Amino acid sequence: MSNSYNRAVKGIMYFILVIFAIIALYPLIFVLITSLKSPSEYVNNKLHFPEKITFANYYYVWVKGNMLKYFINSCILIPCGLVAYLFVCVSAGFAFGRLRFPFRFSIFLTVLFLMIFPQMLLSIQIFQICRTLHLVNNYFGLILVWVAYFAPFGTYIMTTYYATVPMEILESARLDGTNIWQILFYIMVPIAKPMIVIIVIIGFQSMWNELPFSLLLLQTEKLRTITQGIGMMQGQYGLDDTILTAAIVSAAFVPLLLFMFFQREITMGSYGGAVKG
Amino acid sequence: MKNEAIDSYILIAPLLLLLVVFILYPVIANVYLSFFKWKGMGRATFTGFDNYRTMMKDETFWVSIKNTLVLLLYIPMGVILPILISAFLREGLKGWPIFRAIIYLPNILGYVIIGMISSIVFRKLGPLNGGLTALGLGSITRDWLNKPDLALNALGLVYGVWMRLGFGCIFFLAAMSSIDESLYDAAKIDGALWWRTFWNVTIPSIHFSIEFWIVLSFIEILARAFPFIYTFTRGGPGFATFTLEYGIYNAGFVAFNMGYASTWASVLFVVCGIIAFFQVKLMRKNTDVQ
């Protein structure tokens, strides 16, 4: 029985996998083909490939709309945010993972504890703080808030990594009389490169896709990020679905490209810190 | 060794400073503000428990609680499906990495984009109804996002199950990769059927990851759903897809009733505090940082 049984089991598995792959992929393909249709064609032809491919929707969002501006904004904002994020996560992760100091473990647990609170819960107070500090409509303010919100997870990943680094590396460096910043930049950063790639990708995804804080802190239209820009297009009256889909594709292509090149790191990072059994 | 302590505090100072200003302080000040009436401008007036009394009589609040509970009912499905699919994937069928990549794809795009795509898919004149009609199932087409119950369940299905499926597969595949292969070999010698092996070997070996995933699911639904709901239904129809998070947004930044919004936020704070407790407990088990 075992042979035919095995074949039957495999067949069922394939069948289920194919169904779920279709459910995952179809909406994305639908969005892509819709963005290439004219609004009048979309009314009659919802599901099939466009009879006549048009780039008018893309022309509309990139040239007539503000997509280009939003895109540039994101491209300025996110690299700056990532540098700050990286600095905070790596230095804190190194300290928590490898150094010994009073209250280390309780502080670390507090950091983990603070990770959970939803953005909306914090938003009312964050808005007041930023208003007091003149950080509304100011990229610097958004970067600080983003780093504060996303760094605990990055720190957690870096901490679990540095905890596995052999003690000797640190001790031999200490004997040479180097200071802590030299140890950080010349020893700890280079050895953690693979993990740093992972947290950069996680940080990039978090910032690229972030909505609530940008919604709150960037209130001038010309400052908006790309995700915020398309998020606010949603629900605007008189905007054709074909145009919306072109906007969606425009915002999605960067993360998708990233996925094509860094699939291994992204999948590794998504279970960051590797949960054991 | 004293140096090491000073160095350490310098290294963690940026993180702590940011956390105190932008997370710890907001969480505490929030509870404080919930006892005031404040429109976001001018002076706040102390009103004691007035906000809480208003909230208890607020229909939206109870609907939000009910909605959250309905969404939480999707957790079992959101746990079982990724485990099953990862168990299929780990059999090493031909082309399995492609399936893994495709199923993971929606996770790349983030809440906002997926929310927008979903809202187009579920439109009355959208592709879902179009597809059903094309398949001759015209009778089950609905105006999904304009019927309160349908909209809420669509939210649960898309956000609670579909969107996180790929992440779940990666997560559980990683957990399964550390299972000792000899356990499977032993099961094979015993002639155990696939289902039996799955139940007796795979599941017990990954129970820690399952616990972790359940906690993560609670967090996603209670504390991360806002951007998705904002783009998917805007809390509508009416307030049929409100959650506590969405209610805070609505009270605070639509009605500009900051004090009242803080009252909702305080309830959410208590709920999140309980979940954070479990999360930290599990993360602590998982790290060698002690």
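I began with B:I214, which counts as partly exposed because it has 16 C-beta neighbours inside 10 Å; on this scale a residue is buried with 20 or more other C-beta atoms within 10 Å of its own, exposed with 12 or fewer, and partly exposed in between, the C-beta atoms being placed from the backbone. I am working on a predicted model, in which local features need pLDDT of at least 70 and side-chain atom pairs count only at pLDDT 80 or more, while totals for chains, interfaces and linings use all residues. Residues are numbered from 1 along each chain as its sequence is written, with chains lettered from A and ligands numbered from 1 in the order in which they are written.

I placed B:I214 in helix 10 (residues 207-223) of chain B, where helices (H or I, at least four residues) and strands (E, at least two) are DSSP runs numbered from the N terminus. From B:I214 to B:G156 I noted 58 residues in sequence and 15 Å in space, C-alpha to C-alpha.

For chain B as a whole, I noted 13 helices and 2 strands, and a box of roughly 75 × 75 × 30 Å along the principal axes that its C-alpha atoms fill. Of the 290 residues in chain B, 44% are buried.

I then turned to chain A, which is divided into domain 1 (2-34) and domain 2 (65-270), the bounds coming from an automatic or database domain assignment. The C-alpha centres of these two domains of chain A lie 34 Å apart.

Next I looked up the largest nonpolar core, a core being a set of buried Ala, Val, Leu, Ile, Met, Phe, Trp, Tyr and Cys residues joined through C-beta atoms within 7 Å. Of its 165 residues, those touching the most other members are A:V145, A:V147, A:A148, A:A247, A:I248 and B:I248. Helix 7 (residues 148-177) of chain B gives the most to this core, namely 17 residues, and at least three residues come from each of domain 1 and domain 2 of chain A.

I checked the packing of helix 4 (residues 67-98) and helix 7 (residues 139-162) of chain A, whose axes come within 7 Å and cross at roughly 35 degrees; the axes are lines fitted to C-alpha atoms over the stretch in contact, and angles run from 0 to 180 degrees between N-to-C directions. The contact between helix 4 and helix 7 of chain A has 20 nonpolar, 6 polar and 1 charged residues, with Asp, Glu, Lys and Arg taken as charged, Ala, Val, Leu, Ile, Met, Phe, Trp, Tyr, Cys and Pro as nonpolar, and the others, Gly among them, as polar.

In the loop between helix 4 and helix 5 of chain A I found A:F103, which has a positive phi of about 65 degrees although it is not a glycine. A:F103 is exposed, with 11 other C-beta atoms within 10 Å. In helix 5 (residues 104-114) of chain A, I listed A:I107, A:F108, A:V111, A:L112 and A:L114 as buried. Seen down the axis of helix 5 of chain A, its buried residues fall within an arc of 165 degrees, so they line one face of the helix; the arc is that of the directions from the helix axis to the C-beta atoms.

Last, I noted that helix 8 (residues 167-175) of chain A is hardly covered, with 0 buried residues among its 9, and that A:G177, which follows helix 8 of chain A, has a positive phi near 80 degrees.
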